[in-house]
Amino acid sequence: MSAETRSGTAWPVIHKDLGALAVEPHLADYDAERAVFRWEDARSALSGLPGGGLNIAHEAVDRHAAGPLATHEALRFVRGDGGVTSLTYADLAAQVNRFANLLRSLGVGPGERVFSLLGRRPELYAAVLGTLKAGSVFCPLFSAFGPDPVRQRLGLGGGRVLVTTRSLYRKKVAALRGDLPELRHVLLVDADGAPEPDTLDFSELMRAASSHAEAARTLPSDYALLHFTSGTTGTPKGALHVHEAVVAHWATGRFALDLHPDDVYWCTADPGWVTGTSYGIIAPLVHGVTTIVDEEELDVDRWYRILAEQRVNVWYTAPTALRMHMKAGAERASGHDLSALRFVASVGEPLNPEVVLWGQEALGLPIHDNWWQTETGGIMISNYAAMDIRPGSMGKPLPGVEATILERGADDRPVLRDGQAVPVSEPGGVGELALRPGWPSMFRGYLHEEERYQRCFAGGWYLSGDLATRDADGYFWFVGRGDDVIKSSGHLIGPFEVESALMEHPAVAEAGVIGVPDPVAGEMVKAFVELRASHEPTDETRLDIIGFARRRLGAAVAPREVAFVPALPHTRSGKVLRRLLKARELGLPEGDLSTLEVRP
Ligand code: ATP
Ligand code: MG
């Protein structure tokens, strides 16, 4: 059997053989589980605070540290030199307690914001979970941010505390202190007894703090996390999340990531991005598994080594990283024993069918696409372990999640009938992907932007801003971000289908597609292409790619122009920044580039 993508290419469906999976999947019978699952079930799998209330740190660390998992490895840090340091759940609990006490000793109260500007190092985990335990609100920043984005976010979020390193402080924060009157305490994790002026020594304060602490009696509805969105479509928004989100982290860790006790799990997301917290810290710890923390940046060969040497069972990464592995060639995977790995999960961007097929061939593994957003706080649509994969599809809504495709009117808002939004009636019809509000990790506001928050809801649904379709069997397919979709000669063209078709050409490593104004068609499709190392940017290659795309997509949808670029612009969370390609193409202001990744 094969599934037709919107571009007409028939990709083979990847069938899952339940008997051959190494462990029994948690979601073997999707329809049965969906019919009975209630968020209450997930809630009752957690322990809650003794005496009432709910606190993420208690669920992620304390209840394990007080039970049989106390001596189980919680975090395993892999350094650049390959050396390894481990923290058990009991070790982690002690660090978390020290940080919670440290905050209390500084007079930082519940609800006040603690920021980090830090790579993946042990202090980060103590800071995130210690903040939550103390009832304060945590906000991670990308350590690669320049001074402006740091000042902007710390200012907006009214950060009281910042945890960072000496060099990051010197380069990015020291000169801004005068602009940030609310920032009372800066803690340097590498102060080594000699902090900079106006900063404190993290380690010294941690040593002085007690390793026993009571969790703040937080309610499920109390704020826990502040996450800025990736800024792919504009200025990043500050999404506020509550302690109750942990219920969704538990459920999605079970259904989408299929975490089992004794699993070794690795999430490569940067800690500055929502995935780095929800799935780099909370979900795996809540499940009591061992999480690998790679302290370095992406490196194809080292990543294969980590997967093999650490016997990783579940690997959560992003399409751009997978495309880099693909670009490097399948032979780089050979010689590494990946036999422990059950599947690879991906998030953040559309996962091209080409990449899924490559995973089957080069790694011998299914790659599971997952769709969610900073606003949703956790995975919403997923290719869970026992599900057949239709390459190019995001999968199906997880139990507890109700998703639909809504018709959009001329104003790009949902069409309402009797106050209710109208779903697209035909399978395969394009509309806005929407979710029924009420899942536990749903954001509860955009910081200081109540009106913008309200606009995310209409006719009984949360509006994602993404366009998608659903096929007759209930699989969801991504078409594009509302802002990126191209309207050409009456066709609605999603950049994803064009980019995926381009990636089928042997010369193309990665592609970014935009619409540029055209007097006749309204917009015409233009592609920016990064070539594989083995191909030259010649006119012949260009014509060959254009001809190939025409045959695949038809002349109306295929790019009229192809430009070669040495590298596509990405956000730090790994998304192609199409709005920047467009602004440069049209000579318009480049807009907010705070999250633009600068690759060396
Ligand atoms: P901003 O909202 O600031 O423009 P952003 O939407 O990129 O930035 P995130 O919340 O990090 O910020 O990303 C969520 C978005 O990423 C989704 O709305 C969607 O457009 C895209 N995305 C995430 N996962 C997938 C996926 N599996 N397939 C396609 N797109 C995805
Ligand atoms: Mg968004």
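This is a guided tour of the salt bridges, pockets and cavities of a predicted model.

Before selecting anything, keep in mind that residues are numbered from 1 along each chain as its sequence is written, and that chains are lettered from A and ligands numbered from 1 in the order in which they are written. Because the model is predicted, local features need pLDDT of at least 70 and side-chain atom pairs count only at pLDDT 80 or more, whereas totals for chains, interfaces and linings use all residues; side-chain values use heavy atoms, with hydrogens and water left out.

**Salt bridges**

Taking a salt bridge as a side-chain nitrogen of Lys or Arg within 4 Å of a carboxyl oxygen of Asp or Glu, the count is 35. Select Arg-151 and Asp-148, whose closest N and O atoms are 3.0 Å apart. The two are three residues apart in helix H6 (residues 147–157), so about one helical turn separates them; helices (H or I, at least four residues) and strands (E, at least two) are DSSP runs numbered from the N terminus. Arg-151 is partly exposed, at 30% relative accessibility, where buried means under 20% relative accessible area, exposed over 50%, and partly exposed in between (1.4 Å probe, protein chains only).

Next, select Arg-323 and Glu-349, which form a salt bridge with an N to O distance of 2.8 Å. This pair links distant parts of the chain, 26 residues apart, with Arg-323 in helix H12 (residues 319–328) and Glu-349 in the loop between strand E15 (343–347) and helix H13 (353–363). Both Arg-323 and Glu-349 are buried. To see what else is connected to them, add Asp-484, Glu-499, Glu-510 and Arg-578, which belong with Arg-323 and Glu-349 to a network of salt bridges.

Stay on helix H12 and select Lys-327 with Glu-530, a salt bridge whose closest N and O atoms are 2.7 Å apart. Since Glu-530 lies in strand E29 (residues 522–531) and Lys-327 in H12, the pair ties together parts that are 203 residues apart in sequence. Glu-530 is buried at 7% relative accessibility, while Lys-327 is partly exposed at 33%.

**Pockets**

On a 1 Å grid over the protein atoms alone, a pocket is an open set of points with protein on both sides within 12 Å along at least five of seven lines, a cavity is a set where a 1.4 Å probe fits but cannot get out, and lining residues have an atom within 4 Å of a point. The largest pocket has a volume of about 1100 Å³. To centre the view there, select Lys-237, Gln-373, Ser-464, Gly-465 and Asp-466, which lie nearest the pocket centre among its 50 lining residues. Strand E24 gives the most to this lining, with five residues.

Move on to the second largest pocket, of about 730 Å³, where Asp-270, Glu-297, Leu-298, Arg-572 and Glu-597 are the closest to the centre of the 31 lining residues. H12 returns here, giving the most to the lining with three residues.

**Cavities**

Finally, turn to the enclosed spaces, of which there are six cavities of 30 Å³ or more. The second largest cavity has a volume of about 80 Å³, and of its 13 lining residues Arg-120, Tyr-125, Cys-267, Ala-269 and Gly-280 are the closest to its centre. Helix H5 (122–133), H10 and strand E13 (290–294) each supply at least two residues of this lining. All these volumes are the space filled by probe spheres set on grid points, which are joined across faces, edges and corners.
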